[in-house]
Amino acid sequence: MTSTAKTPEDYINQLPEERKAPITKLHNLIIQHMPKGLEAGMGYSMLAYYVPKSIYPAGYHCKPFPPLPFINVASQKNFIAIYHSGLYAKKELYDWFVAEYPKQCKYKLDMGKSCIRFKKMDDIPYDLIEELLGKMSVEEWITIYESVLKLKK
């Protein structure tokens, strides 16, 4: 679902009532536990948590004007999604998450490479997401990002 919101607060205020509480809880959790150095805002019509240009001036290689994305949260048509770039870029982190998820959730994991989809709003594993947030620093993310980018050249 595309949003025209300019701030996280506007994004949350525009959500259907049943989505406001879980998205707000995710947003607050990420703000409190995201790796040091990230900033919060909007990106790609979603809540965005990114490496600011003051830390990584090169920005995102596909479109250098936005900052380097790290985590996004979106209210999609049939689910809430968390997009965590570190899960896509670091196999060990992905494997850890996939192994830990069933220990904390009663529903099957619905996940792509970096997209975690939650169709049951009452079964979002907030504790697991908090733990995930502590698994990668901004410095590690930049190093991994640059190594993958160099491989593509």
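These are my notebook entries on a predicted model, taken up topic by topic.

**Entry 1. Helices H2 and H5**

I began with the packing of two helices. Two packed helices are described by the angle between their axes and the distance between the axes, so I looked up both. Helix H2 covers residues 17-33 and helix H5 covers residues 126-133. Their axes lie 9 Å apart, and the angle of packing is about 30°. Angles under 35 degrees count as roughly parallel, and H2 and H5 are therefore roughly parallel to each other. I noted the hand of the crossing as right-handed.

Next I listed the residues that make the contact. From H2 they are Pro-22, Lys-25, Leu-26, Leu-29, Ile-30 and His-33. From H5 they are Tyr-126, Ile-129, Glu-130 and Leu-133. Sorted by class, this contact has seven nonpolar residues, two charged residues and one polar residue.

**Entry 2. Aromatic pairs**

I then turned to the rings. The structure holds seven aromatic pairs. I looked at the pair of Phe-70 and Trp-141: the ring centres are 5.6 Å apart and the planes stand at 50°, so the pair is tilted. Phe-70 belongs to strand E3 (residues 68-75), while Trp-141 belongs to helix H6 (residues 138-152). The two are 71 residues apart, and the pair links distant parts of the chain.

Are Phe-70 and Trp-141 buried or exposed? I found both of them buried.

I also checked for a wider grouping. Phe-70 and Trp-141 belong to one aromatic cluster, together with Tyr-44, Tyr-56, Tyr-60 and Tyr-145.

**Entry 3. The loop between E1 and E2**

Tyr-44 from that cluster led me to the loop between strand E1 (39-43) and strand E2 (46-51), where Tyr-44 is found. I read its phi as near 55°, a positive value in a residue other than glycine. Tyr-44 has a relative accessible area of 42% and is partly exposed.

Ser-45 lies in the loop between E1 and E2 as well. Ser-45 is not a glycine either, yet its phi is positive, at about 65°. I noted a relative accessible area of 26% for Ser-45, which makes this residue partly exposed.

**Entry 4. Gly-43**

I went back to strand E1, where Gly-43 is placed. Gly-43 has 16% relative accessibility; buried means under 20%, so Gly-43 counts as buried. Which residues does Gly-43 contact, leaving aside neighbours within four places in sequence? I found Ala-48 and Asn-72. Gly-43 and Asn-72 are 29 residues apart along the chain, and their C-alpha atoms are separated by 7.7 Å.

**Entry 5. Cys-115**

My last look-up was Cys-115, in strand E6 (residues 115-118). Its relative accessibility is 11%, and Cys-115 therefore counts as buried. Not counting residues up to four places away in sequence, I have Cys-115 touching Ala-81, Ile-82, Tyr-83 and Asp-110.

I also took the separation of Cys-115 from His-33, a residue already listed in the H2 contact. How far apart are Cys-115 and His-33 in sequence and in space? The two are 82 residues apart in sequence, and C-alpha to C-alpha they are 19 Å apart in space.

Methods
Residues numbered from 1 in each chain as written. Predicted model: local features only at pLDDT ≥ 70, side-chain atom pairs only at ≥ 80, totals over all residues. Heavy atoms only, no water. Axes fitted to C-alpha atoms, helices over the stretch in contact; angles between N-to-C directions. Helix = DSSP H or I, 4+ residues; strand = E, 2+ residues; numbered from the N terminus. Parallel < 35°, antiparallel > 145°, perpendicular 65-115°, else oblique. Left-handed = near helix turned anticlockwise from the far one by under 90°. Contact = heavy atoms within 4.5 Å. Nonpolar A, V, L, I, M, F, W, Y, C, P; charged D, E, K, R; others polar. Phe/Tyr/Trp six-rings, centres within 6.5 Å; stacked < 30°, edge-to-face > 60°. Buried < 20%, exposed > 50% of the residue type's maximum accessible area, 1.4 Å probe, protein only.
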